Amino acid sequence: MNAIITATELASELAGSATPVLLDVRWQLGGPSSRPDYEAAHLPGAVFVDLDTDLAGAAGPAGRHPLPDLAVFGAAMRAAGVRADRRVVVYDGGLGWGAARAWWLLRWTGHPAVRVLDGGLPAWQAAGGEVTATIPAPGPGDFQPAPGALPLLTAQDAADLARRGVLLDARAAERYRGEVEPIDRVGGHIPGAVSAPTTENVAPDGTTFRAAPDLAERFASLGATADAEVGVYCGSGVSGAHEVLALAVAGVPAALYVGSWSEWSADPSRPIATGPQPG
């Protein structure tokens, strides 16, 4: 199954008999909850999922957006109507990060059929899709998280992978180089990691993914191919999920280091490289 779905394809599926579960994962880094935006207008039948409380644990030594408690995550998915035998489509406000985080978590915990709406809500509306303010009452789901279906990296795993494979840093290039660091303790990157900003995964519209062959060419130029061992990290495991999704579109399996730079840089004993080269 393709990891993404277009607005036109989704409209066709919603008009059929076997409709997917819809999850609205709008989210702003450091901003207020997007719940009011959801309540004002969302795809018919979509249920709001809060990234900070449903898709992540409390910030701490493991990073700003560590893995959620599986009981909390599972309960949130079941409350949203997620079932093991029913397809799921997740979307956000267009950036793609929130939706990708939900996609990765559901896939990592064993759901077999999850896709991201390419371009999110803006693409849906641009295609003439209906929105509503009606809050749905989904039937109870039965999804039980079983982690391990996708590869996950610890800090040590990421360090090792940077030496033997390809570790991509999905943050902005200036953060990778250590020139600026607006959030974490110190700037720079994991030694051996390659700069691969998430912003280069998308088309000029800033929301929809580049075509699969273009993405494959981009990642191949960085050494990330289907026969390479590939890992991804970012600031706190959110935009990195978007990069893993882009790699999936390109046909390249990849592991995610969820703790990412927010965990790595919090420990002064861990080495840090700066400048434009992997180091």
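Me: Two strands pair if DSSP finds at least two bridges between them. What makes strand S7 (residues 166-169) and strand S9 (residues 230-233) a pair?

Reply: The structure is a predicted model, in which local features need pLDDT of at least 70 and side-chain atom pairs count only at pLDDT 80 or more, while totals for chains, interfaces and linings use all residues. Residues are numbered from 1 along each chain as its sequence is written, and side-chain values use heavy atoms, with hydrogens and water left out. Strands are DSSP runs of E with at least two residues, and helices are runs of H or I with at least four, both numbered from the N terminus. S7 and S9 are joined by 4 bridges and run parallel, so the requirement of at least two bridges is met. Within this pair, Val166 stands opposite Val230 in S9.

Me: Which strands of that sheet are called edge strands?

Reply: The open sheet has 5 strands in the order S6-S10-S9-S7-S8, with parallel pairing. Strand S6 (152-153) and strand S8 (194-195) each pair on one side only, and these are the edge strands. Helix H10 packs on this sheet, where it touches S7, S9 and strand S10 (255-257), and its direction makes about 150° with that of S9.

Me: How do you know that S2 and S3 are paired in the other sheet?

Reply: Strand S2 (residues 21-24) is joined to S3 by 2 bridges, and the two run parallel; Leu23 stands opposite Val47 in S3. The sheet is open, with 5 strands in the order S1-S5-S4-S2-S3 and parallel pairing, and its edge strands are strand S1 (4-5) and strand S3 (47-48). Helix H5 (residues 97-108) lies across S2, strand S4 (88-91) and strand S5 (114-117), running at about 175° to S5.

Me: How are H9 and H10 oriented to each other, and why?

Reply: The axes of helix H9 (residues 212-221) and helix H10 (residues 239-249) come within 8 Å and cross at roughly 115°. Angles of 65 to 115 degrees count as roughly perpendicular, under 35 as roughly parallel, over 145 as roughly antiparallel, and the rest as oblique; H9 and H10 are therefore roughly perpendicular. In their contact (heavy atoms within 4.5 Å), Ala212, Leu215, Arg218 and Phe219 in H9 meet Glu243, Ala246, Leu247 and Val249 in H10. These residues divide into 6 nonpolar, no polar and 2 charged.

Me: What word describes the orientation of H5 to H10?

Reply: The axes of H5 and H10 come within 7 Å and cross at roughly 70°, which makes H5 roughly perpendicular to H10. Residues of H5, including Trp97, Trp103 and Trp104, meet residues of H10 such as His242 and Leu245. The contact holds 8 nonpolar, 2 polar and 1 charged residue.

Me: What makes the contact of Glu13 and Arg87 a salt bridge?

Reply: A salt bridge needs a side-chain nitrogen of Lys or Arg within 4 Å of a carboxyl oxygen of Asp or Glu. The side chains of Glu13 and Arg87 meet at 3.2 Å, N to O, so the pair satisfies that definition. Glu13 lies in helix H1 (residues 7-14) and Arg87 in the loop between helix H4 (70-79) and S4, so the pair ties together parts that are 74 residues apart in sequence. The structure holds 16 salt bridges.

Technical notes. Axes fitted to C-alpha atoms, helices over the stretch in contact; angles between N-to-C directions. Nonpolar A, V, L, I, M, F, W, Y, C, P; charged D, E, K, R; others polar.
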